[in-house]
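Thanks for coming. I will start with one helix, move on to a pocket, and end with the whole chain.

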Amino acid sequence: MIDERSEVAYESSPMPDVPTPTSSIEETTSPSAWRDEDICLTVSDLCLHYGDNEALTNISMQVARQRVTALIGPSGCGKSTLLRCFNRMNDLIDDVRITGKIELNGMEIHDTAVDIAQLRRRVGMVFQRPNPFPKSIYENVAYGLRLQGSMPKSEVDDRVEWALKNSALWEEVSGRLNESALDMSGGQQQRLVIARAIAIQPDVLLLDEPASALDPISTLKIEELVHQLKQDYTILIVTHNMQQAARVSDYTGFLYLGKLVEYDTTNIIFTNPTEKQTEDYITGRYG
């Protein structure tokens with residue numbers, strides 16, 4: 001039983017039954033030098049309208065596999081809207097119209113044959129404020145596994161333990177898995193939500209300002225966790241905190257008024273951007 005196992009130090013390790021393609025790119029490789037197998041997501045001429053208002057304009061970019069990509073820009077520039085495009089969360093909003101293409105490992109996600117529920121299992125999302133269910137810690141992580149159908153309890157136990165270890169939470173909660181998740185601290189709740197997201201083994205993890213509501217210590221733990229998780233997942237993170245983007249990401253895209261102004265390695269974006277608009281934002285001239 002999962003409650004009887006001794007505490008084990010956190011180690012990031014993939015579940016063995018779902019092989020994940022491995023990117024061969026170096027941390028500083030320019031997107032222009034990527035090979036096809038290095039690319040997880042491809043966005044082509046993406047436009048999004050809320051009614052008559054255009055929120056995203058001709059976005060084209062590629063997202064590297066098993067790397068962290070940050071989206072930065074002032075409030076209202078389209079960062080979260082773009083993030084929600086990758087698992088079609090914007091479909092839930094009335095009067096939204098989307099044109100262009102998004103491909104996940106070569107699959108066009110807007111194809112009529114795509115099962116949206118399955119897509120959202122492959123592209124997990126963590127929101128700005130932690131949203132644990134009013135259930136036990138164990139049941140929060142096991143929830144998505146149960147939705148996938150019949151699974152032996154021993155396998156659910158193993159997957160819950162694995163997810164909690166890989167969210168750097170196991171040592172803190174292994175002795176109280178049956179307690180309510182609502183009694184956890186905010187930082188623990190956010191890591192629990194991440195555990196819930198990775199338990200179903202997505203290809204991509206979307207993080208929408210995951211640390212903006214947390215204290216500095218919890219924020220540091222989330223950032224350390226992001227570094228660990230990129231060994232197994234492609235991660236996109238929206239953040240208003242440019243220092244955080246510089247610390248955690250390999251690649252950064254700067255958005256302004258719904259347009260992708262510049263996209264390159266994080267080092268280039270923060271030290272030698274091509275566009276003056278990017279430099280003005282990075283140096284605090286506006287935003």
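Helix H3 and its surroundings

The helix to find is H3, residues 137-147, and its buried residues are Ile 137, Tyr 138, Asn 140, Val 141, Ala 142, Gly 144 and Leu 145. Please keep in mind that this is a predicted model.

What covers those buried residues of H3? The cover includes three other helices: H4 at 153-166, H5 at 170-173 and H6 at 186-199. After H3 comes Gly 149, and the phi of Gly 149 is positive, near 120°.

Now the pocket. Rolling a probe the size of a water molecule over the atoms shows where empty space is left. The largest pocket here holds about 520 Å³ of space. It is lined by 18 residues, and those closest to its centre are Arg 120, Gly 124, Met 125, Arg 196 and Ile 200.

Which elements supply the lining? At least two residues each come from helix H2 (116-122), strand S6 (123-126), H3 and H6. So H3 and H6 come up again here: H6 is among the helices that cover the buried residues of H3, and both helices contribute to the lining of the largest pocket. By residue type, the lining has 11 nonpolar, 4 polar and 3 charged residues.

Last, the chain as a whole. Its secondary structure consists of 10 helices and 10 strands. There are 287 residues, of which 53% count as buried. Among contacts with a separation of 6 or more, 70% are between residues 24 or more positions apart. The exposed area is about 13000 Å², with 48% of it supplied by carbon and sulfur atoms.

Key: Residues numbered from 1 in each chain as written. Predicted model: local features only at pLDDT ≥ 70, side-chain atom pairs only at ≥ 80, totals over all residues. Heavy atoms only, no water. Buried < 20%, exposed > 50% of the residue type's maximum accessible area, 1.4 Å probe, protein only. Helix = DSSP H or I, 4+ residues; strand = E, 2+ residues; numbered from the N terminus. Contact = heavy atoms within 4.5 Å. 1 Å grid on protein atoms, 1.4 Å probe; cavity = no way out; pocket = protein on both sides within 12 Å on 5 of 7 lines; lining within 4 Å. Points joined across faces, edges and corners; volume = space filled by probe spheres on them. Nonpolar A, V, L, I, M, F, W, Y, C, P; charged D, E, K, R; others polar. Areas by Shrake-Rupley, 256 points an atom, 1.4 Å probe, with all protein chains shown as cover.
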